[in-house]
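Here is a short report on one protein chain. Keep the sequence and the 3D view side by side as you read.

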Amino acid sequence: MRQITIQFFAHLKDIAGVESISLPLDQDCPLKKIVAQLEETIPSLKGFAGGSIQIAVNQEFINTDAIIHPEDEIAFLPPFSGG
């Protein structure tokens, strides 16, 4: 079975209690479904993906309508600013 890896950065790592997690994924799937599965697996993350965090897939920022492919790498990053 193929997997996707989800990495957490900054305070999201503390909230999740892990730096990363792998979830099974055998076919393309909407990010929203992955987020629901993640919230079921790690309840402390409930509501964060719909909030102000940034989500990147394979090091590119995406929106929540994105389609995730088996073996993708997803990163959850806290909001950031800069100049």
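Helices here are DSSP runs of H or I with at least four residues, and strands are E runs of at least two; both are numbered from the N terminus. The model is a predicted one.

**The sheet**

Five strands make up an open sheet with mixed pairing. Their order is β2-β1-β7-β4-β5. At the edges sit β2 and β5 (60-61), each pairing on one side only.

β1 and β2 are antiparallel and share five bridges. I6 faces I21 of β2 across this pairing. β4 and β7 also run antiparallel, joined by four bridges. There, Q54 stands opposite L77 in β7. β4 meets β5 in the antiparallel sense too, through two bridges. A56 has F61 in β5 as its bridge partner.

**The core**

Which residues have the most contacts inside the largest nonpolar core? They are I6, F8, I34, L38, I74 and F76, in a core of 21 residues. At least two core residues come from each of β1, α1 (11-16), β2 (20-24), α2, β4 (54-57) and β7. Helix α2 gives the most, with four residues.

I34 shows how such contacts are spread along the chain. Not counting residues up to four places away in sequence, I34 touches I4, I6, L25, C29, I68 and I74.

The structure has one aromatic pair. F8 and F76 form this pair, with 5.8 Å from centre to centre and 55° between the planes. That geometry is tilted. F8 belongs to strand β1 (residues 3-8) and F76 to strand β7 (residues 73-77). The two are 68 residues apart, and their pair links distant parts of the chain. Both F8 and F76 are buried.

**Charged side chains**

Side chains of opposite charge can pair when their charged atoms come close. How many salt bridges does a search of the whole structure find? It finds one. D65 and K32 form the salt bridge, and their closest N and O atoms are 3.2 Å apart. D65 lies in the loop between β5 and β6 (67-68), while K32 is in helix α2, so the pair ties together parts 33 residues apart in sequence. Both D65 and K32 are exposed.

E39 presents another case. This residue is in helix α2 (residues 31-41). Is E39 buried or exposed? E39 is buried, yet has no salt bridge. The nearest side chain of opposite charge is K46, at 4.3 Å. A salt bridge needs a nitrogen-to-oxygen distance within 4 Å. Leaving aside neighbours within four places in sequence, E39 is in contact with L45, K46, G47 and F48.

**Loops and unusual backbone angles**

Most residues other than glycine have a negative phi. The table lists two non-glycine residues with positive values.

| Residue | Phi | Location | Relative accessibility |
|---|---|---|---|
| A10 | about 55° | loop between β1 and α1 | 47%, partly exposed |
| Q59 | near 70° | loop between β4 and β5 | 75%, exposed |

N58 also has a positive phi, near 50°. N58 takes this angle in the hairpin of β4 and β5, which has two residues between the strands.

P70 sits in the loop between β6 and β7. Why does P70 count as buried? Its relative accessibility is 14%, and the cut-off for buried is under 20%. Which residues are in contact with P70, leaving aside neighbours within four places in sequence? They are R2, Q3, I4, L25, D26, Q27 and D28. The C-alpha atoms of P70 and D26 are separated by 5.9 Å, although the two residues lie 44 residues apart along the chain.

**Following helix α2**

To tie the sections together, trace helix α2 in the viewer. Helix α2 gives four residues to the largest nonpolar core. K32 in this helix takes part in the salt bridge with D65. E39, also in α2, is buried and has no such bridge.

Terms used: Residues numbered from 1 in each chain as written. Predicted model: local features only at pLDDT ≥ 70, side-chain atom pairs only at ≥ 80, totals over all residues. Heavy atoms only, no water. Buried < 20%, exposed > 50% of the residue type's maximum accessible area, 1.4 Å probe, protein only. Lys, Arg positive; Asp, Glu negative; His and termini not counted. Contact = heavy atoms within 4.5 Å. Phe/Tyr/Trp six-rings, centres within 6.5 Å; stacked < 30°, edge-to-face > 60°. Core = buried A, V, L, I, M, F, W, Y, C linked by side-chain atoms within 4.5 Å. Pairing = 2+ DSSP bridges.
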